[in-house]
Amino acid sequence: MTGNRVYKTKAIVLKQMPIGETNRIITFYTRSFGKVAAVARGVRRPGSKFGGSLEILNHVQASIARGRSLDNVNECVVIESYQNLRKNLTAIAEGIYIAELVDTFGEDRSPNFSLFDMLLETLSNLDRLEHREFWILWFEFRLLHVSGFLPEFVSCVECGNGLDRTDHVFDPIAGGVLCPDCVNNYGTDQSWNVSVSALTVLRFFQRSLNLNLRSDSSDPYVDDLVDVKAFLRTYMRYIAERDLKSTGFLDLVRFKES
Ligand SMILES: [Zn+2]
């Protein structure tokens, strides 16, 4: 490694793990380098130079030194700490869920500017505390898009014919929705039903990919999110090949709030 032993980058703190007596391993999603893990030495000591800068979900400017095995956090300055979100337990759980998704789908040391910007935008939207469920679903959909996992929702993934406005069969192995004719030929035992209500929102999302949906615009389409939420949850789990840890906590706090 030449010259540049220290690098600076904007980053979001995704998670932390204690190591040794006073240290933590911090996982960042950085704008310039993708996912990066680095040790913050002495962070658990009272009066540490890091203060609260390495709290999960903070948007920070970090200075990180390359190490032989693990990198080290030299300095960390908070850009935004999303204080509204932190006062609301459900919003915190939602933020942690988003961070876990980025930890799962984000690649080590491989930048994805779209993913970084989406993450920042979603944390700001959650911090406004309105329509949070909608913004999480919109994040999940775009995460599938930027990760290359976005299925086909507008026409049959096998024959290309348009789909009627009705419930359909979704097959993750085929990579999308199958028309009734193709279900018999191409459907696998991995498929499940996706309702017309879920498909309506998914197609709206698909049409909106190049738009900048904004939290200050009115969004009449948020009425019925139950089915699309269930669909995306199932599909994310399928792609991640496991249950995401934070969904259990998220469901619990949402249930207690309702
Ligand atoms: Zn078909």
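**Strand pairing and helix packing in a predicted model**

Let me begin with one residue pair: T27 stands opposite A37 in strand β3. The structure before you is a predicted model, in which local features need pLDDT of at least 70 and side-chain atom pairs count only at pLDDT 80 or more, whereas totals for chains, interfaces and linings use all residues. Residues are numbered from 1 along each chain as its sequence is written, and side-chain values use heavy atoms, with hydrogens and water left out.

First, the overall picture. The protein has eight helices and eight strands; these are DSSP runs numbered from the N terminus, helices being H or I of at least four residues and strands E of at least two. Its C-alpha trace spans about 65 × 45 × 30 Å along the principal axes. Of the 258 residues, 48% are buried, where buried means under 20% relative accessible area, exposed over 50%, and partly exposed in between, with a 1.4 Å probe and protein chains only. Among contacts (heavy atoms within 4.5 Å) between residues at least 6 apart in sequence, 62% join residues at least 24 apart.

I return now to the strands around T27. Strand β2 covers residues 23-30, and seven of its eight residues are buried, so β2 is largely enclosed by the rest of the structure. What joins β2 to strand β1? Eight bridges do, and β1 (residues 6-19) and β2 run antiparallel. Two strands are said to pair if DSSP finds at least two bridges between them. Within the β1 and β2 pairing, P18 stands opposite R24 in β2. The hairpin of β1 and β2 has three residues between the strands, and there G20 takes a positive phi near 65 degrees. Strand β3 (residues 34-40) is joined to β2 by seven bridges, again in the antiparallel sense. The β2 and β3 hairpin likewise places three residues between its strands.

K35 belongs to strand β3. Is K35 buried or exposed? K35 is buried, with a relative accessible area of 13%. Apart from neighbours within four places in sequence, the contacts of K35 include T27, F28 and Y29, and also L14, V102, D103 and E107.

V102 leads us to the helices, since V102 is one of the residues through which helix α2 meets helix α3. Helix α2 (residues 89-105) and helix α3 (residues 113-127) pack at an angle of about 175 degrees, and their axes are 10 Å apart. Here, axes are lines fitted to C-alpha atoms, for helices over the stretch in contact, and angles run from 0 to 180 degrees between N-to-C directions. Helices α2 and α3 are therefore roughly antiparallel to each other; angles over 145 degrees count as roughly antiparallel, under 35 as roughly parallel, 65 to 115 as roughly perpendicular, and the rest as oblique. On the α2 side the contact is made by E94, G95, I98 and V102, and on the α3 side by L115, L119, T122 and L126. By class, this contact has five nonpolar, two polar and one charged residues, with Ala, Val, Leu, Ile, Met, Phe, Trp, Tyr, Cys and Pro counted as nonpolar, Asp, Glu, Lys and Arg as charged, and the others, Gly among them, as polar.

After α3 comes R128, in the loop between α3 and α4 (132-146). R128 is partly exposed, at a relative accessible area of 47%. Its side chain makes a polar contact with the side chain of N125 at 2.8 Å. A polar contact is a pair of N or O atoms within 3.5 Å; within protein, one must be able to donate a hydrogen and the other to accept it, and residues adjacent in sequence count only if both atoms are side-chain atoms. R128 and V226 are 98 residues apart along the chain, and their C-alpha atoms are separated by 22 Å.

Finally, the second sheet region. An open sheet of three strands has the order β7-β6-β8, with antiparallel pairing. Its edge strands are β7 (176-178) and β8 (192-194), each pairing on one side only. Neighbouring strands of this sheet are turned by 50 degrees against each other on average, direction ignored. Strand β6 (residues 168-171) pairs with β7 over three bridges, and F170 stands opposite V177 in β7.

Helix α6 (residues 196-207) lies across β6, β7 and β8, running at about 70 degrees to β8. Helix α7 (residues 226-240) packs on the sheet and touches β6 and β8, its direction making about 145 degrees with that of β8. How, then, are α6 and α7 arranged? They pack at an angle of about 75 degrees, with their axes 7 Å apart, and are therefore roughly perpendicular to each other. S197, A198, V201 and L202 in α6 meet D227, V228, F231 and L232 in α7. This contact has six nonpolar, one polar and one charged residues.
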